[in-house]
Structure formats: structure tokens, C-alpha cells
Amino acid sequence: MINKINKYAGVVLILLSFTACKTPALVQKNEDTILAETFNGVKDTVNVAKVQWKDYFKDPYLVKLIDTALVNNQELNITLQEIEIARNEIQAKKGEYLPFVGLQAGAGAEKVGRYTSQGANDATTPFKDGKENPEFLPDFMVGAYATWEIDIWNKLHNAKKAAVSRYLATVEGKNFMVTNLIAEIANSYYELLALDNQLAIVKRNITLQSNALEIVKLQKQSAKVTELAVKRFEAQVYSTKSIQFQIQQQVIEAENKIRFLIGGYAGTIERDDEGFVDLTPDVVHAGIPSELLANRPDIKQAELELAATKLDVRVAKARFYPSLGLSAGIGYQAFNAKYLLSTPESLLYSIGGDLTAPLINRKAIKAEYYNANAKQIQAVYNYERTILNAYVEVVNKLSKISNLESSFDLKHKEVEALTESINISNNLFRSARADYMEVLLTQRDALESKFELIETKKNQMNAFVNMYKALGGGWK
């Protein structure tokens with residue numbers, strides 16, 4: 001009999017092993033992380049991404065805003081809870097490949113039919129002192145039980161490692177959010193300074209244009225100009241005053257945007273808008289492209305997501321293999337509570353093991369396996385795309401910094417020339433050697449050029465901020 005059992009067990013093991021060997025073939029893809037050696041042909045030995053953000057930004061008001069945002073920003077705090085969720089997933093996966101032990105207690109009662117096999121046996125089997133078993137039998141039980149799936153193929157262990165990789169990916173996602181948050185606050189701050197300066201320019205121009213209007217009115221009284229000239233100057237004053245209210249609205253919106261980022265409803269956005277045009281960004285050192293792999297949190301996040309999907313493929317593949325489970329239990333059971341702890345009469349225990357593997361109709365397992373592989377290939381492409389995007393961002397921003405510097409120098413010269421032309425046109429107009437249209441056009445061009453100068457300076461400062469972000473700075 002024992003030989004027959006061993007024979008059948010051997011056949012079962014052969015069948016299980018045969019099914020384990022027949023896993024579907026997959027087309028896999030490996031990631032390509034080869035980067036160019038330099039940015040725009042320049043090899044820099046210094047990288048500003050390693051500089052702390054408090055040292056990168058010198059404005060104390062901006063530093064204070066960033067500090068506040070890193071504590072109060074709601075989106076960042078939501079992400080911190082996602083990290084906590086991912087950490088708990090690790091514990092859940094870890095618990096799956098450890099033995100599970102529990103306690104169990106219960107009570108019940110039953111009355112079986114006299115003309116059943118159990119009822120007949122109970123009636124003819126004496127219990128104690130020749131007494132017949134009672135027909136109505138209570139049932140009391142207390143004990144402990146344990147189950148354990150032996151992780152033969154590292155299925156559960158790999159699932160835990162995948163959870164660890166995803167937890168670390170959420171941490172890098174938080175770091176990337178910090179980088180973006182710091183950059184967004186800095187950009188909004190410089191936008192607010194630019195609006196303050198544009199508003200100051202508009203107010204000065206309103207004063208200048210109002211003075212010019214009064215002069216034209218006096219000249220009309222002396223019949224040097226017509227009513228048409230007066231109306232044109234008057235219209236220009238109204239137009240500039242309209243621009244003033246537009247900018248004031250933009251200032252309010254910019255302030256509220258910063259309040260939203262720092263997680264507040266009210267309060268003054270402190271800033272120093274004096275000398276904005278004279279701000280000179282520090283020289284940005286970009287380092288070498290390969291440093292992006294270590295400095296950019298989004299690249300590290302994509303890399304960890306890729307590692308997790310590779311482990312998911314292993315987990316899905318292990319489902320084709322036999323799984324071994326053990327179970328055991330020990331406790332006491334009796335039909336009367338006073339006999340519950342009688343040993344060995346009321347003692348019960350059990351131990352068992354089972355080996356199972358899919359044999360027929362494995363479509364669901366195959367689908368999970370193919371999906372895991374497809375997600376792994378997706379993660380490879382996403383990783384490569386993230387690296388390429390980071391490289392392109394840095395190259396574009398390095399070029400932008402250089403071009404904006406040249407553009408600002410030329411704009412500054414344009415503003416100086418047009419500012420001088422205003423005085424010249426006014427003097428010529430007073431001496432009747434220039435038409436009033438020349439004065440109007442000169443004032444309009446000067447106002448536009450000053451606006452463009454402020455806008456160029458804002459773009460310069462934004463490029464300075466975005467370069468730091470593109471290199472992966474701000475989260476350390």
C-alpha cells in the first residue's frame with residue numbers, strides 16, 4: 001500500500017514539474033542609458049545641482065516663501081501620505097511569506113437524527129459509566145492554527161522587493177515634486193517682481209503723458225496745434241491708465257498663486273522689487289550628462305519603477321510553478337465545557353502539506369505574465385524617455401540662458417536710446433520742429449521697450465531657476 005502511495009506521489013511530482021517547465025516565451029527589452037559626453041560640446045567639472053537651494057537663491061524673501069511651502073503645500077503633503085501607503089505595502093508583502101498564526105474559539109450545539117450513521121454510533125457507544133451519549137450535543141473548542149506558504153521560487157520575496165522599489169520610487173517622486181515646487185515658487189516670485197516694475201513704469205509714464213497733455217492744451221490755446229492733437233494725447237493717457245489696472249489684476253493673481261503654493265489664504269507677499277532690472281544670475285555650471293542619472297529624481301523614479309516591473313515579471317512567472325503550503329493546528333474540543341481541557345481525551349492536533357500547480361486552463365496566469373512583461377517594456381521606454389527629456393531640457397536651457405543674456409544687453413541699449421528720444425521729441429515739438437505724432441509714437445515705443453526689458457529680465461531669471469531644476473537641484 002505504501003509503495004502505491006509513493007508511486008502516485010511520484011507521478012504527481014512529475015506532472016507538477018512538467019507544468020512548471022512550460023512557461024510561455026517572451027520578447028524582452030533592455031534599457032539603453034548611454035548619454036552624450038557633454039552638453040553642447042562643453043565639459044564642465046562643476047554641477048550646480050549639488051548646491052543646496054538656500055545657497056542657490058540669494059533673495060531672503062524668496063527663501064522664506066520656499067521654506068513655508070515645503071511645510072504647508074497641500075500637494076506635497078498628499079505625496080508624503082502616498083509614501084506612507086507605499087511603506088505599508090512593504091509590510092503587507094513581507095507578511096505574506098511569513099507564517100500566519102491565529103487563535104480560534106467557538107461554541108455550538110447539534111442534534112443528529114437517530115437513524116443516521118452518526119446518530120446510531122452515538123446511541124450505541126457508551127460515554128461514561130455505561131451512560132448513553134446525550135442526543136443534544138453541545139460543542140466547545142479552543143485552539144491555535146498556523147498556515148505557511150513555502151516560498152520555493154521566491155515569488156513572495158520578489159513581490160516584497162518590488163514593493164520596496166515602488167516605495168523608493170514614491171520617495172523620488174516626492175523629491176521631484178520638491179524640485180518642481182521650489183522652481184514654481186521662484187518663477188512666480190520673479191514674475192511678481194517683474195509686474196511690480198512694470199506697474200511702476202506705467203505710473204511714471206502716466207505722469208509723463210499727463211504733463212505732455214497739459215503742454216498740448218496750452219499750445220492749442222496759442223493756436224500752435226489743433227484739437228486733434230489734444231484728443232490724441234488724451235487717448236494715450238487713458239490707454240496707459242487702462243494698462244495700469246490690467247497689471248494690478250495680474251499682481252493680485254500672482255500673489256494668490258504664491259499663497260496657494262505656500263498653503264495660505266491671506267498675508268502680504270513680502271518682496272524687494274528694487275533693482276530687479278539689475279539682477280544678474282550667477283554662472284550656471286551644468287556638469288556632464290551622466291550626472292543626470294544621479295541628480296534628477298524623475299530619472300531615479302523611472303529607474304526604480306523599471307526595477308519593480310522586472311520583479312513583477314518574475315512573480316508572474318513563478319505562478320506557473322508548484323506552490324507548497326503547510327498548515328497545522330492544535331487545541332481542545334469537547335461537548336461539555338468541564339471536559340474541555342482534559343488531556344489527552346479532549347486534545348486535538350493536525351498537520352498537513354499540499355503541493356499544487358496549474359495543469360489545465362492557465363489562460364489567466366498567462367495573461368498576467370504577458371501583462372507583466374508588457375508593463376516592464378513600457379517602463380523601459382519610460383526610463384529612456386525620461387533620460388532623453390532631461391538631456392534635451394538641459395541643452396535647451398543652457399542655450400536659452402546664453403541667448404537671453406545677449407537679448408537683454410540689446411534691449412537695455414534700446415531702452416536707453418528711446419528714453420533719450422522722448423526728451424528730444426518733446427524739445428522738438430515745443431519748438432515746432434516735430435509733429436505731435438512723433439512725440440506719441442516715441443512715448444509708445446519707449447513704454448513698450450521698457451516692458452520688454454522687464455519681460456526679458458524675468459525670462460532670464462526664470463531660465464536661471466529652470467536650469468537648476470533641469471539639472472536636478474533643489475531636493476537634497
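1. Cavity lining. Ala-49, Lys-50, Val-51, Gln-52 and Trp-53 line the largest cavity, together with Tyr-468, Gly-474, Trp-475 and Lys-476. This cavity holds about 30 Å³ of space. A search of the whole structure for cavities of 30 Å³ or more finds one. Keep in mind that the model is predicted.

2. Leu-340, position. Leu-340 sits in a loop. Strand 3 (323-334) comes before that loop, and strand 4 (347-356) follows. Is Leu-340 buried or exposed? Leu-340 is buried, because its relative accessible area is 16% and the cut-off for buried is under 20%.

3. Leu-340, surroundings. Leaving aside residues up to four places away in sequence, Leu-340 touches Phe-140, Met-141 and Val-142. Its other contacts on that count are Tyr-332, Gln-333, Ala-334 and Ser-346. Phe-140 is 200 residues from Leu-340 along the chain. Even so, the C-alpha atoms of the two are separated by 7.0 Å.

4. Trp-153, position. Which elements flank the loop that holds Trp-153? They are strand 2 (136-150) and helix 6 (155-221). Trp-153 has 39% relative accessibility, so this residue counts as partly exposed. Partly exposed covers the range between the buried limit of 20% and the exposed limit of 50%.

5. Surface patch. Trp-153 also belongs to a nonpolar patch on the surface. Its partners there are Ile-152 and Leu-355. The patch has an area of about 260 Å².

Definitions and conventions: Residues are numbered from 1 along each chain as its sequence is written. This is a predicted model: local features need pLDDT of at least 70, side-chain atom pairs count only at pLDDT 80 or more; totals for chains, interfaces and linings use all residues. Side-chain values use heavy atoms; hydrogens and water are left out. Patches are made of residues with over 30% relative accessible area and no salt bridge: like charges are joined within 9 Å, nonpolar side chains (Val, Leu, Ile, Met, Phe, Trp, Tyr) within 5 Å. Accessible areas come from the Shrake-Rupley method with a 1.4 Å probe; for residues, only the protein chains shown count as cover. A salt bridge is a side-chain nitrogen of Lys or Arg within 4 Å of a carboxyl oxygen of Asp or Glu. Helices (H or I, at least four residues) and strands (E, at least two) are DSSP runs, numbered from the N terminus. Buried means under 20% relative accessible area, exposed over 50%, partly exposed in between (1.4 Å probe, protein chains only). Contact means heavy atoms within 4.5 Å. On a 1 Å grid over the protein atoms alone, a cavity is a set of points where a 1.4 Å probe fits but cannot get out, and a pocket is an open set with protein on both sides within 12 Å along at least five of seven lines; lining residues have an atom within 4 Å of a point. Grid points are joined across faces, edges and corners, and a volume is the space filled by probe spheres set on the points.
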